[in-house]
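Please look through the sequence and the model shown here before reading on. The paragraphs below move from the overall chain to its sheet, and then to the bonds and charged pairs.

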Amino acid sequence: MRRRSFLAVAGWLATAAVATLIGVAAIRWVGESIAGTPGGVLSQEEVERALASPAAPGGSAPAATGTGGPSPTAGGSSPAGTRRAFATTGGSAVAECGPGGARLVSWTPVPGYRVSDAEPGPDDDVEVTFTGPSGGFELKVRCVGSEPVSAEDDD
C-alpha cells in the first residue's frame with residue numbers, strides 16, 4: 001500500500017512538472033510572437049534605430065513600445081524627422097512635433113518605476129513623470145522649429 005501511494009504522488013508530481021513546463025513554454029512563445037521581442041520591451045538603442053529608419057508604407061513610423069500612450073495611426077503621423085526618443089532614470093518616451101505642437105507618442109517606465117502623471121498633448125509643451133525608488137523624474141518636451149527637444153536640451 002505504501003509503494004502504491006508513493007507511485008501515485010510521484011506520478012502526480014511528474015505530471016504537474018511537465019504541464020507547468022509546457023504552459024511556460026507556450027506563454028513565452030505566444031508572448032514573443034505577439035510583441036515581436038522577448039518581453040515586448042525595446043532597449044533605448046532599439047528605439048533610436050526604429051525612429052531613425054524610414055517611415056513605413058502609409059506614413060507611419062514605428063513606435064517605441066506602445067505602452068502608456070496613444071499610438072500613431074497611418075493617417076495621423078507627422079512628417080518624417082519630427083520624432084525623437086528621450087530617456088531619464090525613470091523611463092523613456094518618444095515625442096513628435098506637428099501642427100498642434102508637441103505630442104508624446106509613447107512612454108514606458110523602467111522596471112520599478114511607474115507613470116505618476118502624463119500630459120501627452122498636443123500642446124506647447126508635454127510631459128510625463130516617472131516615480132520610483134529613487135524619486136520622481138519628469139521629462140518635459142517642447143518643439144523648437146519642427147524638432148522635439150527636452151527642457152534639459154533647450155536650457
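How many bridges join strand 6 to strand 7, and in which sense do the two strands run? Strand 6, which covers residues 135-144, is joined to strand 7 by 4 bridges, and the two run antiparallel. Two strands are taken as paired here if DSSP finds at least two bridges between them.

Some words on the basis of this account belong at the start. This is a predicted model, in which local features need pLDDT of at least 70 and side-chain atom pairs count only at pLDDT 80 or more, while totals for chains, interfaces and linings use all residues. Residues are numbered from 1 along each chain as its sequence is written, and side-chain values use heavy atoms, with hydrogens and water left out.

The protein chain holds 3 helices and 7 strands, where helices (H or I, at least four residues) and strands (E, at least two) are DSSP runs numbered from the N terminus. Read from the N terminus on, the elements follow the order α-α-β-β-β-β-β-β-β-α. Of the 155 residues in the protein chain, 27% are buried, a term that stands for under 20% relative accessible area, with exposed meaning over 50% and partly exposed in between (1.4 Å probe, protein chains only).

Strand 7 belongs to an open sheet of 4 strands, whose order is 4-5-6-7 and whose pairing is antiparallel. Strand 4 (114-119) and strand 7 (147-150) each have a single partner strand and stand at the edges, so one side of each is left without a neighbour in the sheet. On average, neighbouring strands of this sheet are turned by 20° against each other, direction ignored; the axes behind such angles are lines fitted to C-alpha atoms, for helices over the stretch in contact, and angles run from 0 to 180 degrees between N-to-C directions.

Going across the sheet from strand 4, the reader finds 5 bridges that join strand 4 to strand 5 (residues 125-132), and these two strands run antiparallel. A118 has V128 in strand 5 as its bridge partner. The hairpin of strand 4 and strand 5 has 5 residues between the strands, and in this hairpin G121 takes a positive phi near 80°. Strand 5 and strand 6 also pair in the antiparallel sense, over 8 bridges, and they form a hairpin with 2 residues between them. G132 stands opposite G135 in strand 6, while R142 stands opposite V149 in strand 7.

Strand 6 also takes part in a covalent link. With a disulfide defined as a pair of cysteine sulfur atoms within 2.5 Å, the count comes to 1 disulfide, which joins C97 to C143 with an S to S distance of 2.0 Å. The torsion about the S-S bond of C97 and C143 is about -110°, so the disulfide is left-handed. This pair links distant parts of the chain, since C97 lies in strand 2 (residues 91-98) and C143 in strand 6, 46 residues apart. C97 counts as buried, at 4% relative accessibility.

Which charged side chains pair in the model? Side chains of opposite charge can pair when their charged atoms come close. A salt bridge is counted when a side-chain nitrogen of Lys or Arg is within 4 Å of a carboxyl oxygen of Asp or Glu, and there are 3 salt bridges by this rule. In one of them, the side chains of E96 and R83 meet at 2.9 Å, N to O; E96 lies in strand 2 and R83 in strand 1, so the pair ties together parts that are 13 residues apart in sequence. E96 also meets R103 in a salt bridge, at 2.7 Å, N to O, and R83, E96 and R103 are thereby linked in a network of salt bridges. E96 counts as buried at 2% relative accessibility, R83 is buried with a relative accessible area of 13%, and R103 counts as buried at 17%.

A further salt bridge lies within the sheet, where E127 pairs with K140, the closest N and O atoms being 3.9 Å apart. E127 lies in strand 5 and K140 in strand 6, so this pair ties together parts that are 13 residues apart in sequence. E127 is buried, with a relative accessible area of 12%, whereas K140 counts as partly exposed at 32% relative accessibility.
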